[in-house]
Structure formats: structure tokens, C-alpha cells
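Q: Could you pick one strand in this structure and take me through it up close? I'd like to know what it pairs with, how it sits in its sheet, and what packs around it.

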Amino acid sequence: MKVLKFGGTSIRDGERIRKVLGIIRNAVGETPVVVVVSAIRKVTDLLLDAAVAAGEGDTGYRDKLLDIETLHNDLVGELIDEGGRQEVEAFLVKELDELADVLHGVSLLRDLSDKSLALVMSFGERLSAWIICCFLRQEGIDTSYTDARRMIVTDSNHCDARVDMQASSARIKAWLEGEKGIPVVTGYIGAAPDGTATTLGRGGSDYTATIIGSVVQADEIQIWTDVDGFFSADPKRVHDAYVLPFISYEEALELSHSGAKVLHPYAVHPAMKAGIPIRIRNSFNPETRGTFIGSKAARSEDAARPVTGLSSVNDVVLVNISGSGMVGVPGIASRLFSSLAHHKINIIFISQASSEQSISLVIDRTKANRALRVLEKEFASEIAARQIESMTLRRHIAIIAVVGNNMSGHPGVSAHLFETLGKNGINVIAVAQGANEMNISFVVESRDEDKALNCVHESFFLSRRTVHVFIAGTGTIAKSLIRQISDHSLTLRREMDLDVLVCGMANTSMIALREKGIDLMNWEQSLEPRGDGKTVGDYIEKISSMNLHNSIFVDCTASAEVAASYPGLLSSNISVVTANKLGMAGSLGLYETIREAQRSSNARFLYETNVGAGLPIINTLNDLRNSGDKIIKIEGVLSGTLSYIFNELRKGGKFSGIVRKAREAGYTEPDPREDLSGADFARKFLILGRELGYRLEYEDIVCESLVPEHLRTDMSVEEFLDQLGSVDEEYQAKIQGAAHNDMTIAYAGEIADGNARISVNMLPLSNPVAGLNGTENMVVFTTDRYLDTPLVVKGPGAGGEVTAGGVFADILRIASYLV
């Protein structure tokens, strides 16, 4: 025998019920069947609304009653042939008249007792079971309508009744002996010892099915719903969640109690006790096998994964009780739990510090204020004596449960869990774990619920990891970066199991935000005019509100405003990759604020491209220092433009002609005076000096400007270039003088003993700088370890492609840390 339970979404209209007919027909061909049904979708809510309205004396309950009548009459019109409608409709009229009388009485008294509410709520299943029973009979399946109030015996807690299994078993067995045809049973409802209607709690039809299944010793209990089974997490919150083919009874219990809405929390107990498997199936997709729930011994797939699934409960309230007077005092916890139980306030989560100074518990939001009043009354004397110092409510929180049989005895699960949360800046408010080690539950802010679920799910369940990238700027570097990410995405997935999703792009006038990633082949079409204040702060606010895990902000601008936002991003645990020098080469105050934010955050901050574009200069310097080497001095050329000019000078060219040629080739800014001033070179040396621990400001860098003093006036670029020839002989003389001494000249810098200087220097031909070509950059590290033969980093130090490549490399470094 099989017990088949169909939920409200499975019978919401005629089309769905016809699918249910096919499922039942297939089952009947194999084995005897018992059918359990819920109320039609929306009806339970309408009944509750009608009851509440009636209890307040609001005649609007009649409109709800009319909606209920219309829903069922429409369903009868869809399903029942004209010849059979009279019998069906007569039953509906009788039931609806009774419902109207009950609501009228409640309205007159303006008193909605639990007994009256349970009676009102019972009509949903009574009406749906009758319609489905008649429809199946019409389609040639012998059925009998069965009101569960005749079988399920409960206590007198009418709206959340506890089942008397012994009494219910006797009634179910007696009912089976006299029943003919396939029983169509009303789910959700039972009866108190005095015969009054009771309900088993929202979703209680699952419980009805497993109670009956356990008594009749069914081969299988099938719960037909609107999803394919138990998922590894709520698929509405975690897009990568997948169906679990098998979970144990114990895991199903933990997940259901912790918020998974696939199965009623109490439904597992009867089946587990009787050893009867439960299968979760999708009535919209009956071909799928769903989730099989059984004993741990039945697990057949690879059991290496410690975590089976995640679930969460939101919109709950944390009650925190603390006080030094609680330490070592017997009975505090007992009184707390007893007082809440006496007022029927259920505790969802409990956590107590080993010092006994505090107890935290989570309860339903609707009962929070009442719980606080109850506890304040219970512990009034302790509060007055300041043995209990605070009793507070913390709202807008969520509980997340990490569940798995294999967590028991599996070292490192907790460490991995909390490391993942920490890297994503998710604050854990409270933690609880049972001695069986199969459930770690923790409390977070409600706004972090989705973020926590996604990062934990990715960390435990998926081989492929995801980072979410938000780009500021859409210029040359950003365009090259987007192209590189797009071209390399398949390789990253295949070789690194990594998805780099660009979820945001913005400049001062346009913006694009997509949680699932922007189409990088058509990113320009995704940009839309900005309707906000068009500041970086507005962009960051949008990024923060998305609250995605593994988020990286990428600065491809040259904006001081964007650079000033780094501390806030890091404090929000959003990692930063920047090609913008105005943060690390800004004021010392900003630099130190960024560093402090980085130290106090779990986010990463990388800026390799600030010095030497894609050359590994910052990483090399930090590796040397972190490994204990002492940096004696740093020398080098960190301007591709000025490197080119002096390389050409050594070949015999004229200074003014070389500058003009460099401008035409695009090596300089439109106004070459910006390059000749040495300011960009100085900013790079400022960053290196600060990396060495020197507290330098930009003004501390001694930088020789190559703009002749007599040309530092307000003149056009062309005028400047025309008059630049006045220094050609000077540079020619320097070159010749150096050559006479077997040396050459270069515009190079040196950092040593806390001082930084950049100028035209005479260098031996053996110096590495003398061997530069084209626009190459070079940094020479002289250290204790690299004393006789300094360590040289050399290569292209400018250009959109190499800079973007360096930014991309920094993104991947952060990705390897986050995931």
C-alpha cells in the first residue's frame, strides 16, 4: 500500500487535478492507495482572513466567504460533468452554510476562540476532499470520502494539536476494515476527545499522511508538492541549489524544524518510527524521482560530503538574558523555559555561554513582546537585585541551519563554516550545536541571510566557486579587463572551477547592475542612464544593498573620489582591486585610513598595478619584506614615457624631437608636460616608500621636473614643443659628458634611508637601467640577500592591456582567498 498526499498547489485548479488523476491511476495499477489532500491553494489563507475579520466584527468576512464559494464552484464547473454536479453542489452548499453560520456567530460575539478558529479552518480540506473524491469516482476510480476527524485523535490544543497515536491507530485500523474503494482523506484536521475540530498546524496534511502510513504499514508515503524534492538549500534564495536524491530521517527532521517548508516538521516521526520511507515528488513534474527519505543505512550515493543541506528561518526575534548573578544559580534555565512553555511560547533556538552569564533564545516574532513581559515578571526579583542586568529583544534576525549526518566526527566543518562567513563579513550573533553533531545553527542579521546561505552553500556543495565583480570606470583599462575576463571565462571554469561574474559597471553617467552577471559580449548595451546622484557613493550603496557574497570592487578610474571610498568598502567587507594611484599615493591620512580599514576587515585590498602596470613589483617587495629580507635601497625607472625619451637620447636623437615623436606615438599624455613633470613617477615612488614603512607625503619626494624652468608658463602645447628645442644642446652635452666617462644618463629614482629622489642621473653602462629599451620600466631591489647581484623586475610598465592583465591577476588572487 502507498499513501499519496497532495498539497494545495497540486490541486489548485482543474488542470492540476487532472494531473493528480494520472498520478493516482498509475499508483492504483501497482498497489492499494490512500489519498490525503490539503485545501485548495489560497483557501486556507481566505479562511483565516475571514475568521479574523469576523472576530473583529468586520462584515468583510462575507466577501472572503464569497471568494471561497466561487473558488470551489469554479472548480466543480471545470471538473464535474453536468449529470453529477447536483450531488457535489449539494454537499458544498451544506458545508458552506455551516461555515457561514460559524462565522456569523463569531462576528456576533466578536470572539474568535481557538476552538472556533480550528472549526473554520477545517472547511478547506473538507471541501477539497469532497470535490476530488467525486471527480475520481466520475473518472472510474472507486473512492470514498473520509473526514479525518473520525480517525485522528488529538489533545484539546485546537489550533496546534498534538496527536494521540494510540487512540488514532485504533480508529484508523477500525476505519480501514469497513472502508470500500480508495479513501480520499481530509489532511490537516483531527478531533479532540470531545469531538470538536482541531488542526495539526500549517502544512499538517503531511503529518496526516505519515500518521496513516505508519498505522497501515504502507510501503511508501509520497508527498506530492510543487518542487522536485528536498533541495540542498532554498532554490528561491540560492540559485545553485540542487535536489537531494536521498536524505535520512534525521536530516529531514533537522531541515524541516529549521525552516525547510517541503515537509511538515512533525511528519517525519511516525514514518521513522515505523521504518516507512517517505518520497517527496513534484506533481507538476511527475517524471522526476524526487527525494527519498529513509534510514541512514539506505544511503547509496557517495557519503563523503559532511553537509547534506541548509535551511533557514527568518523574521524571528532573539531574546537575550544576561547578568553576573546568573552564574552558578541552579534553576534559572528551568524557570525561563517553564514560564514560556506555560504561556505556549515555543523556543526555536537556544544558546548559553559556558560562563552561565547569558542565555540567548529565538522565538517567533509575533510572540516576542509577550515573551519579554512573561520573563520580566518571572525574574522581577532578580532584575530588581541586578542579578539579571539586561533582558533585551533583537529583531530582524534569521537562523541558518547546516545539517548533515556525516558532520559527526568530521573535523574541520565548523572551522570551514565560520571561516567562510568571516571572509564574507557576515557577523554571527549566536551559535548552537547539538551533541549529535549533525546540526550547526547560527543566528545572523536578516539582511545577511541570503548572503550567508549562498556563500556557505557554495563552500560546502559546489566544486565551482563564484566571485562577483563591480567595476568603476568604463575607459581603456576597463574595456581591456572586460575583454580579458570574457575571453578567459571558459578556461577559468574548466581549470580553476571559478566563475568571475561582472555584476556591476558604472561611470559618471551610466550604470549596469545584474545579480546574475552582465553579458560581457554586449556590456555596452547593458549600460543605462543613471537616475541617482551619479556619485561613487550611490554606486557603492547599490552594491551594498545587493549584498552578494565574494564581492570585489574594481577601480579602473583616476578619480580621487573613488579612491576615498576604499575604507568604506573594506569596512563593508567588500574586497578592492585598484589601478587608481590616488588612494595609495594620496594624502598620508587617506593611506593610513585605508590600511587601518584593511587590517580590521576580512576583505582584501590589492593594488599591484599602481606601480609598473602588470609588473610584479608590489608583490615582490612584500614577499621580500615578509620573508625577513632587509631592503637596502630601491632604484628604477617607473615611467614608460620618460624611459622611451632617454632610451632614444642614448641613440643620438634630439630631446625636443623625441618628445614630439613620443606624443605622436601616444606614449605621452595629450600635454607632454604632465609626463615631463615626473609627477606620475613620483606617485609610484611614494607608494614604494610607504610600502617600506616610511611615513611620506607627496611633497617629501624630491622630483626633478624635466619641464625647463623658463617654459613653465601659461602657453599652448604647440608653443611649448616649438620652444623645447632650447634644451637640446644641454641634453646633448650631458650624453657626451657621460659617454666620455663610459657612462650614460637616465631619468631614474632611488629610495634609501627614508628618502626618495628622482632626477636625471649619470649611470655606469653596467647599471641595469642602461639596458632598457623602448618604454620598458625597471625596478632594482638591493637587499641583504640580493646585495652583490640585485633583484631586477623589468618589462612593459604602461598600456591598457598589461594594466588590465595586472588587475585581472589581482582579482584572481582575491578569488583564491575568498573561495
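A: Let's start with what counts as pairing: two strands pair if DSSP finds at least two bridges between them. Keep in mind, too, that this is a predicted model.

The strand to zoom in on is S24, residues 631-637. Of its 7 residues, 5 are buried, so S24 is largely enclosed by the rest of the structure. Buried here means under 20% relative accessible area.

Now for its partners. Strands of a sheet pair through backbone hydrogen bonds, and the pairing can be parallel or antiparallel. With strand S28 (residues 776-783), S24 runs antiparallel, and 6 bridges join the two. If you want a spot to click on, go to Glu635, whose bridge partner in S28 is Val780. The other partner to look at is strand S26, residues 743-752, which pairs with S24 over 4 bridges, again in the antiparallel sense. Two places show that pairing nicely: Lys633 has Ala752 of S26 as its bridge partner, and Gly636 stands opposite Gly749 in S26.

Zoom out a bit and you get the whole sheet. It's an open one with 6 strands, and the order reads S25-S27-S26-S24-S28-S29. So why do S25 and S29 have a free side? Strand S25 (701-703) and strand S29 (791-796) stand at the edges with a single partner strand each, so one side of each is left without a neighbour in the sheet. Although S24 is antiparallel to S28 and to S26, the pairing in the sheet taken as a whole is mixed. On average, neighbouring strands are turned by 25° against each other, direction ignored.

Then there are the helices. Helix H25, residues 679-691, lies across S24, along with S25, S26, strand S27 (755-764) and S28. Against S26, helix H25 runs at about 40°. Helix H27 (residues 728-740) packs on the sheet as well, touching S26 and S27. The direction of H27 makes about 90° with that of S26.

To pull the picture together: S24 is a largely enclosed strand, sitting between S26 and S28 in the sheet order, with helix H25 lying across it.

Terms used. Residues numbered from 1 in each chain as written. Predicted model: local features only at pLDDT ≥ 70, side-chain atom pairs only at ≥ 80, totals over all residues. Heavy atoms only, no water. Buried < 20%, exposed > 50% of the residue type's maximum accessible area, 1.4 Å probe, protein only. Axes fitted to C-alpha atoms, helices over the stretch in contact; angles between N-to-C directions. Contact = heavy atoms within 4.5 Å.
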